[in-house]
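Colleague: Before I use the labels in this description, I would like to hear how they were reached. Please take me through them.

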Amino acid sequence: MPVTPGKIIAVHLSYESRAAQRGRKPAHPSYFFKPLSSLAASGGTVERPAGTELLAFEGEIAVVIGTPARWVGIDDAWSHVAAVTAANDLGLYDLRAADKGSNVRNKGGDGYTPLGPELIDAADVDPEGIRVRTWVNGELRQDDSSAGMFFSLSQLVADLSQHFTLETGDVILTGTPAGSSVIVPGDVVEVEVDVPATGATSGRLTTTVTQGERAFDETIGSLPSVDDLQRTEAWGSREAAGLPPEPGLDPALRAKLLEAPTAGLSSQLRKRGLHSCFIDGLTANIPGTKIVGTAKTLRFVPAREDLFKSHGGGYNAQKRAFDAVDEGEIIVIEARGDASTGTLGDILALRAKTRGAAGVVTDGGVRDFDAVAEIGLPVFSQGAHPSVLGRKHVPWEFDVTIGCGGATVQPGDVIVGDGDGVIVIPAALAEEVADAALAQEDEDAWIAEQVAAGHPVDGLFPMNAEWRAKYDSEGRASGALSERSETK
């Protein structure tokens, strides 16, 4: 072991490449502690506990404090660093949800912080020129440098020194770049930190994965639990996790719905006996926006202090919903029509945009309204409101049947929104309703031509039998659909 720290502090997210992969970029650094019992030397093993599947590696630059640092500035911070070396910030995603962001169990296991094997003297190092690479079974998986970090190494030291004394020997794990993924028993992980400008290197930090025989006891604490979201984030993508693409709208149906106005779609729903398909009172944050997608629902309940304490913090239902939204889905939020508080802000909007969401629909307000619009995520809401979560709402559950703006919305329902508003279409009726709405658009375009030619609307709108026969013989052959498409 190259060092004997008094404490190990790890950074959640610091690399541009990792932020792009995760779809979120924090404004400020955030941290968690790892126990000293997680330390391991090069050449050792790490055990994947019985009954788990998502042990993941994270190659990192470890910063070792040389002289105590308290309230130091960024310009002075590096002078308090003695050395850098390689680290592997191993984590067990099976316990991630149970930890709610603290990472105590999923990052704190025995052997989950290998360090070494050699130290690189920080005095001879440009903190912007340190490289980190990771190999699994000889295959290069990560290759990045401290120049790719949006929080510099010096900033991390300075920031932490504002809160407590960094003592000699303390270790800061400075975050991992893109490329982290799942490892299985028998895999050999190697991490190397080096300085290309000088040739200084930590050597390769080697860890072999073994299979544990003991499982967690359900009578004592939380059991491992995984879902497709955890698999996707642990492996790095759905494809890498062996998961099929998320089901969504057929491209041809989506194209029809993009062309059909909500006014026409709602008219066709009404003809089929569906009169409560409108999500009332909402407008688009980006004028002229048209959204089409399938609903991913999120439900807020009224604020209550004890319930917010148990459900509002950590990895709550709101964060899980935005982390789990998939390409082509629209997050639909039940906020009970209360516009006096925000139901999402710019960070969650960025997460949804990066994951390919088609938009967000909420019968509440939106925080960071201008920033959300600048991100480019279409949002239909009751407007802007600056307050944070907790003033009026508790994030309760997602992927359940909800009520939004007076309409019942179920997961998988088809949502269409434009300048006239937002409507909900049962998925089983979407194709039929889209075809009928487009056919009605063709009729209306032909009728408009007749009105423009001087014909009265009586008997023409709606068409009586005489006009219907004329349309059937003339209008359908006139290419009304293509003409309408060209004018839109």
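**How the labels follow**

Modeller: This is a predicted model. An open sheet of seven strands runs in the order β2-β1-β12-β6-β7-β9-β3, and its pairing is mixed.

Colleague: What makes β2 and β3 the edge strands?

Modeller: β2 (31-34) and β3 (39-41) each pair on one side only. The twist from one strand to the next averages 35 degrees.

Colleague: How do you know that β6 and β12 pair?

Modeller: Pairing needs at least two bridges. Strand β6 (residues 59-65) and strand β12 (residues 171-173) have three bridges, in the antiparallel sense, so they count as paired. Within this pair, Val63 stands opposite Ile172 in β12.

Colleague: Turning to the helices, why is α6 called oblique to α12?

Modeller: The axes of α6 (residues 251-259) and α12 (residues 430-452) cross at roughly 45 degrees and come within 9 Å. Angles under 35 degrees would count as roughly parallel, and roughly perpendicular covers 65 to 115. The crossing of roughly 45 degrees is in neither range, which makes α6 oblique to α12. The crossing of α6 with α12 is left-handed.

Colleague: Which residues of α6 and α12 meet?

Modeller: From α6, Leu253, Lys256, Leu257 and Glu259 meet Ala430, Glu431, Ala434, Asp435 and Leu438 of α12.

Colleague: How do the residues of that contact divide into nonpolar, polar and charged?

Modeller: Five are nonpolar, four are charged and none is polar. Leu and Ala count as nonpolar, whereas Asp, Glu and Lys count as charged.

Conventions:
Residues are numbered from 1 along each chain as its sequence is written. This is a predicted model: local features need pLDDT of at least 70, side-chain atom pairs count only at pLDDT 80 or more; totals for chains, interfaces and linings use all residues. Side-chain values use heavy atoms; hydrogens and water are left out. Axes are lines fitted to C-alpha atoms, for helices over the stretch in contact, and angles run from 0 to 180 degrees between N-to-C directions. Helices (H or I, at least four residues) and strands (E, at least two) are DSSP runs, numbered from the N terminus. Angles under 35 degrees count as roughly parallel, over 145 as roughly antiparallel, 65 to 115 as roughly perpendicular and the rest as oblique. A crossing is left-handed if the near helix is turned anticlockwise from the far one by less than a right angle, and right-handed if clockwise. Contact means heavy atoms within 4.5 Å.
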